[in-house]
Amino acid sequence: MADAGVTAEHVLIAADKFKGSLTAVQVAERVTAGLRRIAPGVTVESVPVADGGDGTVAAAVAAGFERREVRVTGPLGDEVTAAYALRDGTAVVEMAEASGLQLLPEGVFAPLTSTTYGSGELLAAALDAGARSIVFGVGGSATTDGGAGMLAALGARFLDADGKPVGPGGGPLADLATADLSGLDPRLAEVEIVLASDVDNPLTGPKGAPAVYGPQKGATTDDVAALDAALAHFARVLAKSIGPKALEYADSPGAGAAGGIGYGALVGLGAGFRAGIEVMLDVLGFAPALARATLVITGEGSLDEQTLHGKAPAGVAAAARAAGVEVVAVCGRLTLPPEALGRAGIRRAYALTDVEPDVARCIAEAGPILETVAERIARDFLV
């Protein structure tokens with residue numbers, strides 16, 4: 001390694017947000033500040049990343065996309081402001097912007113009636129803006145409606161036995177009698193839509209959307225059973241309308257993403273499923289930045305078992321390892337042993353809790369502590 005101040009190192013920071021503390025952009029800023037305190041001459045480049053969940057639009061904007069805002073229907077039916085990102089005919093649409101848990105008042109959940117209608121309105125806004133390809137990032141949802149609300153906003157009709165529209169949310173799908181997708185916006189057939197998610201669950205069953213993710217959206221045991229039955233019924237009614245592929249899609253990887261909105265995207269929008277981090281690395285221009293790097297710093301708020309299953313740091317590390325570039329990680333807390341990190345392609349992980357054992361202080365003072373962590377990385381790898 002070269003001496004500080006004359007180093008030839010080129011560091012690429014490709015970290016996700018520290019949820020509740022720092023955005024991905026702020027993580028990069030703090031790490032940069034810490035590195036340069038110890039190695040002033042180091043070249044630092046940042047590509048804030050996201051895996052399709054909340055923070056995906058912000059990552060796209062940081063990469064040079066234009067932020068667009070639109071008023072849409074929130075998960076509880078009230079109007080909210082949601083953003084998407086656009087550049088050169090490619091739109092990055094994040095369902096959490098319109099239908100996310102963060103839009104619910106604190107302590108308020110509506111597992112049976114929260115709707116993805118606003119996500120459909122957000123997709124329509126991207127079409128109106130001339131998008132020819134759409135990266136549809138799904139995650140962080142407040143909803144479990146199988147994407148029915150989204151499809152309704154785009155022209156589908158879901159009616160009960162009296163010919164009236166079923167109510168919002170997954171619960172009322174139990175009363176669904178007929179499903180008609182013939183009115184879907186014709187522009188959908190002309191654009192490429194990629195379903196970007198870190199979740200490969202099916203729609204229903206023990207690994208389905210209600211069972212696995214319903215409880216974190218306020219669903220009781222009875223709610224989970226009701227939602228699972230309603231979504232299975234939804235798929236059966238759709239099969240009468242569009243054929244057996246509706247049932248096949250229900251078992252497809254990603255169908256259970258974001259309360260089943262993945263299913264709605266597969267069955268109604270003609271979307272193709274890809275791991276969210278892989279899609280976003282392509283969209284954000286990660287490959288050319290990686291080609292310039294001698295060290296990659298990735299990370300997220302918690303490096304744990306979930307990280308290894310399609311989260312941003314695992315995707316970044318896999319790409320860097322394939323390119324022969326060393327990777328270290330920063331995080332708020334670390335629960336993975338060194339051997340698991342090694343298998344993921346991460347040489348070493350640095351946690352805020354290594355500096356400040358008090359988790360509450362780590363959250364409240366994440367920025368300054370992260371700078372201290374970055375100083376340690378600089379001493380270990382750059383000087």
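## Gly332, a six-strand sheet and the largest pocket

Setting aside neighbours within four places in sequence, Gly332 is in contact with Phe18, Glu300, Gly301, Ala351, Leu352 and Thr353. Contact means heavy atoms within 4.5 Å. Gly332 has its place in strand β12. Strands here are DSSP runs of E with at least two residues; helices are runs of H or I with at least four residues, and both are numbered from the N terminus. Gly332 is buried, with a relative accessible area of 14%. Buried means under 20% relative accessible area, exposed means over 50%, and partly exposed is in between (1.4 Å probe, protein chains only). Gly332 and Gly272 are 60 residues apart in sequence and 33 Å apart in space, C-alpha to C-alpha.

This is a predicted model: local features need pLDDT of at least 70, side-chain atom pairs count only at pLDDT 80 or more, and totals for chains, interfaces and linings use all residues. Residues are numbered from 1 along each chain as its sequence is written, and side-chain values use heavy atoms, with hydrogens and water left out.

**The sheet**

Six strands form an open sheet in the order β3-β4-β5-β6-β9-β10, with mixed pairing. Its edge strands are β3 (66–73) and β10, each pairing on one side only. Neighbouring strands of this sheet are turned by 30 degrees against each other on average, direction ignored. Two strands pair if DSSP finds at least two bridges between them. Three of the pairings are set out here.

| Strands | Sense | Bridges | One bridge pair |
|---|---|---|---|
| β3 and β4 | antiparallel | eight | Glu66 and Leu86 |
| β4 and β5 | antiparallel | four | Ala85 and Val92 |
| β9 and β10 | parallel | four | Ser197 and Ala275 |

Two hairpins carry a positive phi. Between β3 and β4 there are five residues, and Gly77 takes a positive phi near 100 degrees in that hairpin. Between β4 and β5 there are two residues; there Asp88 takes a positive phi near 50 degrees.

**Helices across the sheet**

Helix α9 lies across β6 (133–137), β9 and β10, and runs at about 160 degrees to β9. Helix α10 (residues 276–283) lies across β4 (79–87), β5 (90–94), β6, β9 and β10. Its angle to β10 is about 85 degrees. Axes are lines fitted to C-alpha atoms, for helices over the stretch in contact, and angles run from 0 to 180 degrees between N-to-C directions.

**The largest pocket**

The largest pocket has a volume of about 1200 Å³. On a 1 Å grid over the protein atoms alone, a pocket is an open set of points where a 1.4 Å probe fits, with protein on both sides within 12 Å along at least five of seven lines; lining residues have an atom within 4 Å of a point. Grid points are joined across faces, edges and corners, and the volume is the space filled by probe spheres set on the points.

Its lining has 47 residues, of which Lys19, Asp51, Asp198, Gln306 and Lys311 lie nearest the centre. The lining divides into 14 nonpolar, 21 polar and twelve charged residues. Ala, Val, Leu, Ile, Met, Phe, Trp, Tyr, Cys and Pro count as nonpolar, Asp, Glu, Lys and Arg as charged, and the others, Gly among them, as polar. Elements that each supply at least two lining residues include α9 (257–268), β10 (272–275) and β12 (326–334).

**Glu45**

Glu45 lies in strand β2 (residues 43–46). Glu45 is buried, with a relative accessible area of 19%. Beyond four places in sequence, its contacts include His10, Ile13 and Arg292.
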